[in-house]
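Work through these exercises with the structure open beside you. Try each task before you read its solution.

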Amino acid sequence: MNEKRLLELPKTGIWLNAAPATLQELRGCPVALAFVNGASIWSMQRLAEVTGWQARNPGRLQLVVVQVPRFEFEREPQQALKLLRRQGISAPIVLDAQWDAWRAFDVQSWPTLVLLDAYGVERERLVGGGAGGDTERVLNALCDGVAQPLDDEAYGAREINPEPRLPLRFPAGLAVAEERLYVADTGNHRILECNHAGRVLRQFGLGSADLINGGVGEAAFNRPQGLALVRDVLYVADTGNHALRRINLSSGQVDTLCGTGRVGDPRAGVLAQPWDSPLNHPADVAVADNQVHIAMAGDNHIWSYDLGTRELRWRSGAGSVEVRDGSGHLAAFAQPTSVVAVQQTLYVCDSLGSAIRSVQLRNDLVQTLVGQGPWESGNVDGPRLNARLQFPMAIAKGPDSPMLWIADSGNGTLRTLRLGGGDLATVNLPRRLHGPCALGLAAGAIWIAETDAHSVLRFDPLSGELSDVPIEG
């Protein structure tokens with residue numbers, strides 16, 4: 001028997017949300033060890049496939065998530081836990097802060113799924129994102145012949161110290177008008193329309209993860225994130241449904257512009273029906289020239305959907321995880337998660353690249369404003385060549401200001417970049433932010449989705465006051 005396949009998880013691992021256990025203690029039930037990185041869309045997709053299989057086959061498989069940090073902030077247990085819980089992960093999580101388990105199991109890349117049978121012997125491993133059918137196949141084979149558990153054994157131990165029950169759950173999208181505040185309440189699968197004081201006026205989405213069109217009280221979303229408001233229409237990056245959605249604010253009607261409800265490779269061209277093309281983790285949207293520009297985090301591309309012709313177009317990005325400038329498809333992004341359109345320029349927040357990019361919409365030329373590459377991150381102000389960000393998640397810009405605002409999520413800070421050659425600077429806030437993932441500008445204020453704290457904040461740049469927006473929906 002191959003001795004390597006009976007290795008244990010190193011004792012240096014920190015169990016984040018469950019009582020510590022050994023692989024020997026878990027014998028008797030097949031185990032899936034998922035070596036992932038919480039910042040990676042592709043890791044989260046593989047986990048979603050495993051947890052989906054578990055939901056259809058309760059009690060037949062024990063999933064253990066091994067979180068291996070890419071960024072420095074992920075070495076901190078609470079931040080690592082929040083990063084995974086944003087994605088709805090509740091399985092036992094082990095923080096492999098020093099990469100000891102990674103080396104012990106000879107893992108080479110994220111995500112890697114190591115499958116152990118009931119005797120603790122490795123039977124197979126899946127490396128990379130792959131296709132969902134691969135996950136289904138290997139888990140069916142691993143658990144073939146495993147007896148169905150009794151009802152009271154079908155569900156694993158409950159999480160230790162679960163997230164508190166609050167009105168919001170990991171909000172990750174904002175759109176702000178002069179009198180209205182729209183919040184993508186991501187973990188609760190809904191969009192809230194509020195006044196600036198936080199009073200909820202309407203809710204779009206039933207609160208259950210589904211893809212349903214219809215009016216208020218009928219429609220459903222799945223982990224919606226980015227929002228873009230144009231007059232009386234709110235465009236939604238419905239990330240969990242891999243779809244582009246639209247809310248008519250006058251009537252409350254929700255419809256789907258593009259997407260099938262399942263992840264897939266987008267197909268360029270005119271779409272006769274919304275389901276003629278899948279999308280791949282749309283994270284944010286921006287509107288310019290009657291087109292919805294989409295930050296497609298799952299395939300590292302920027303796509304555009306023409307509202308008149310219904311044409312879906314691949315604008316820029318080669319698909320590889322890089323920070324590389326160039327024209328159109330010659331350029332490369334590293335998990336773009338936020339976009340803002342100003343006149344003929346699209347600004348892009350490239351999260352895994354810890355970079356801010358620009359795309360000229362006239363010719364699709366991509367340039368890097370700040371950032372050196374997927375493995376270059378930090379917390380440094382100053383000239384662009386020396387400045388560093390760490391896993392930024394959102395950007396915002398007013399129409400008349402040269403200032404670009406950045407939610408530097410990994411550093412828990414609000415940063416600014418003066419366009420036209422200016423420096424990167426950190427805004428002096430009264431306290432550190434907890435995983436900010438969305439920004440909005442309106443009414444003389446910066447609105448911040450403090451995602452890991454399940455809250456929305458309002459920052460007054462003139463007075464320096466940072467206040468909570470008490471949303472009680």
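The model is predicted. Keep that in mind throughout.

**Exercise 1. The whole protein**

Task: Find how many helices and strands the protein has, then decide how its radius of gyration compares with the globule rule.

Solution.
- Step 1. Count the elements. There are four helices and 32 strands.
- Step 2. Take the radius of gyration, which is 22 Å. The globule rule gives 23 Å for 473 residues.
- Step 3. Compare. The two values are close, so the protein is as compact as a globular protein of that length.
- Step 4. Add the dimensions. Along the principal axes, the C-alpha trace spans about 65 × 50 × 45 Å.

**Exercise 2. Inside and outside**

Task: State what percentage of the residues is buried, and what share of the accessible surface belongs to carbon and sulfur atoms.

Solution.
- Step 1. Recall the cut-off: buried means under 20% relative accessible area.
- Step 2. Apply it. Buried residues make up 57% of the 473 residues.
- Step 3. Turn to the surface. Its accessible area comes to about 19,300 Å². Carbon and sulfur atoms hold 48% of that.
- Step 4. Look at contacts along the chain. Take those between residues at least 6 apart in sequence; 50% of them join residues at least 24 apart.

**Exercise 3. A pocket**

Task: Describe the second largest pocket by its volume, its lining and the strands that contribute to it.

Solution.
- Step 1. Start with the space. The second largest pocket holds about 870 Å³.
- Step 2. Find its centre. Of the 42 lining residues, Leu227, Val340, Ala396, Lys397 and Leu441 are the closest to it.
- Step 3. List the elements that give two or more residues to the lining. They are strand 7 (173–176), strand 11 (227–230), strand 16 (282–288), strand 21 (336–342), strand 25 (394–397), strand 29 (436–442) and strand 30 (445–450).
- Step 4. Sort the lining by class. It has 30 nonpolar, nine polar and three charged residues.

**Exercise 4. Backbone details**

Task: Locate the cis peptide bond between Trp110 and Pro111, and then find the phi values of Arg310 and Ser354.

Solution.
- Step 1. Go to the cis bond. It joins Trp110 and Pro111, with omega at about -25 degrees.
- Step 2. Place the proline. Pro111 sits in the loop between helix 3 (100–104) and strand 5 (112–116).
- Step 3. Check Arg310. Its phi is near 65 degrees, a positive value in a residue other than glycine. Arg310 lies in the loop between strand 18 (301–306) and strand 19 (311–316).
- Step 4. Check Ser354. Its phi is also positive, about 45 degrees, and Ser354 is not a glycine. This residue belongs to the loop between strand 22 (345–350) and strand 23 (355–360).
- Step 5. Judge exposure. Arg310 has 41% relative accessibility, so it counts as partly exposed. Ser354 has 1%, so it counts as buried.

**Exercise 5. Two arginines**

Task: Are Arg27 and Arg86 buried or partly exposed?

Solution.
- Step 1. Place Arg27. It is in the loop between strand 1 (14–15) and strand 2 (31–36).
- Step 2. Use its 37% relative accessibility. Arg27 is therefore partly exposed.
- Step 3. List its contacts beyond four places in sequence. Arg27 touches Leu6, Ala118, Tyr119 and Gly120.
- Step 4. Place Arg86. It is in the loop between helix 2 (77–85) and strand 4 (93–95).
- Step 5. Use its 10% relative accessibility. Arg86 is therefore buried.
- Step 6. List contacts again, with the same neighbours left aside. Those of Arg86 include Phe170, Arg223, Phe391, Asp452 and Cys437.

**Exercise 6. Sequence distance and space**

Task: For the pairs Leu81–Leu16 and Pro402–Arg418, give the separation in sequence and in space.

Solution.
- Step 1. Leu81 and Leu16 are 65 residues apart along the chain. Their C-alpha atoms are separated by 6.4 Å.
- Step 2. Leu81 is in helix 2. With 5% relative accessibility, it counts as buried.
- Step 3. Pro402 and Arg418 are 16 residues apart in sequence. Their C-alpha atoms are 5.8 Å apart.
- Step 4. Pro402 lies in the loop between strand 25 and strand 26 (403–408). Its relative accessible area is 38%, so Pro402 is partly exposed.

Definitions and conventions. Residues are numbered from 1 along each chain as its sequence is written. This is a predicted model: local features need pLDDT of at least 70, side-chain atom pairs count only at pLDDT 80 or more; totals for chains, interfaces and linings use all residues. Side-chain values use heavy atoms; hydrogens and water are left out. On a 1 Å grid over the protein atoms alone, a cavity is a set of points where a 1.4 Å probe fits but cannot get out, and a pocket is an open set with protein on both sides within 12 Å along at least five of seven lines; lining residues have an atom within 4 Å of a point. Grid points are joined across faces, edges and corners, and a volume is the space filled by probe spheres set on the points. Ala, Val, Leu, Ile, Met, Phe, Trp, Tyr, Cys and Pro count as nonpolar, Asp, Glu, Lys and Arg as charged, and the others, Gly among them, as polar. The radius of gyration is taken over C-alpha atoms; the globule rule is 2.2 Å times the number of residues to the power 0.38. Buried means under 20% relative accessible area, exposed over 50%, partly exposed in between (1.4 Å probe, protein chains only). Contact means heavy atoms within 4.5 Å. Accessible areas come from the Shrake-Rupley method with a 1.4 Å probe; for residues, only the protein chains shown count as cover.
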